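Here are a few short exercises to work through with the model open in your viewer. Try each task before you read its solution.

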Amino acid sequence: MEKIIQELSGIEVSSMDLDATISFQPFINRLRDRIRNEQTAKKALYEQVLATYEAYSLSQEEIALTDIDKYEALLDLMYACLSPAMTDERELAWAMNMPFQPIIFYGTTLFYELMRNRRDDHDIYVTTKNADDYHRNRLKSLYSFVLQKLYNFQAPTQLPDVHAGINLSTGLLQYYAMQINMDYIEVTAKGPLPELDFSELYMRMSEGEGYDILLEMLPLSLFKIRGVCILNLTDVTAEKAIDNIERIRLNRTPDKEEENYRYVIKSLKTLVKNNQIEFDLFPFVRVNNEPVYGYVKGGTGILSEVWGEGRVSPEVFRRQAKGYFSNPNFFFSPDIFSEKQQQQDYLDHFRKLGVRSLALMPVFHNLTPVGVLAIHTWENASFDEKVIVLLQPAMAAIGRLLQIYIDEFNYEIEGIIKEKFTSIHPASRAMEVQRSGLAIPA
């Protein structure tokens, strides 16, 4: 554990004129409640912790930030009570901070490392949020808490605050969800509380508004806030990477196809946490139920180089594709130049292109093969089986994305046929379409 006073946001944020101070009193009050109601062995622990707090004979409820190091034993006991049992503090990003102020004063080594690494001067991790974003989020959190405690009004549910930053050593995004526990904070009003129109307030807050209005109706100077706020950071990079792929599928537009595809590849790199690993997606498209060359869909294009029309004839491609998708196999080698892999002739062209590590993963949608995902590195890099495991949660999303590509291919083919060949006799339609360059098998 570390007892270091550190600014939380990593950037200069606007100050709030708020009467908020550290206090152990809300935690002590909760301890007494738990002791009265606890029926398990935890009761003895809580009684021992409470006795230690009472032995300090805290003469005042406020603790100055500059004096916090005098209460190390109390901080340690609070952590012991509130953190998951049997969890190594080196694996837990947990901290205490001043109520509604971006200042932490006690926490696990992992939490402090994450905070230190996100600062620009360490050249490791930089945040994507600005000062206005932080100020707005603090206002939302503060007024949601005040309205619930003093008016018994539940503000619209807020999603966990996700902090996005760029790891400068990899150039990839990292995402951390900040969970805030306010159970050990108390708020009191210094004067009469004004009446509020909760119907209008709820509507405005649901739309992300209303908080600036509350600054006028419920000025910060009206409140006194005491306690300790508990923070937990959870790495949600994998979940966000998959969510990004799904969002591309749902919101993609033809005019941004190349940009969308680059974003998908970037998300896959984020998922495996390695910018040297490359990706390529090869949709499996058919015409007249026969495999044909499909779209070239970005990525490195390695599969189009190896299987595309510039290298194999339509007949060879059709035969190879039908054979593969009748029995879609997974392939992985950390080094296709190894003696064992030198005997595999189908890897020759991958080697000529400079591929070192290679994985070919069949992609499915509704149990039907819809394409192949290639994961590879060039000659100066490699990867092992752990990368394959990291990709597994994204395979369903990739399958849905490839199905969209296939559907679009089919719609385009149907549109061309309807436009150009409606009047042609069905027996000669396939031949005419082939001549038009669509590579539809006869």
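**Exercise 1: The cores**

Of the 38 residues in the largest nonpolar core of this predicted model, find those that touch the most other members.

Solution. Start with the contacts inside the core: Phe-111, Leu-147, Leu-218 and Ile-225 touch the most other members. Next, ask which element gives the most to this core: helix α5, residues 131–151, supplies seven residues. Then look for a second core: a separate one has 37 residues, among them Leu-271, Val-370, Val-387 and Ala-397. As background, nonpolar side chains in soluble globular proteins tend to be buried together.

**Exercise 2: The sheet**

Work out the strand order of the four-stranded open sheet and name its edge strands.

Solution. Following the pairing across the sheet gives the order β11-β16-β15-β14, and the pairing is antiparallel. The edges are β11 (278–283) and β14 (331–333), since each of these strands pairs on one side only. From one strand to the next, the twist averages 20°.

Now zoom in on one pair: β11 and β16 (residues 368–378) run antiparallel and are joined by six bridges. For a single example, take Glu-278, whose bridge partner in β16 is His-376.

**Exercise 3: Helices on the sheet**

Identify which strands helices α9 and α11 touch as they pack on the sheet.

Solution. Begin with α9 (residues 257–272): this helix touches β11 and β16, and its direction makes about 130° with that of β11. Continue with α11 (residues 314–326), which touches β11, β15 (355–365) and β16. The direction of α11 makes about 100° with that of β16.

Technical notes. Residues numbered from 1 in each chain as written. Predicted model: local features only at pLDDT ≥ 70, side-chain atom pairs only at ≥ 80, totals over all residues. Heavy atoms only, no water. Pairing = 2+ DSSP bridges. Helix = DSSP H or I, 4+ residues; strand = E, 2+ residues; numbered from the N terminus. Axes fitted to C-alpha atoms, helices over the stretch in contact; angles between N-to-C directions. Contact = heavy atoms within 4.5 Å. Core = buried A, V, L, I, M, F, W, Y, C linked by side-chain atoms within 4.5 Å. Buried < 20%, exposed > 50% of the residue type's maximum accessible area, 1.4 Å probe, protein only.
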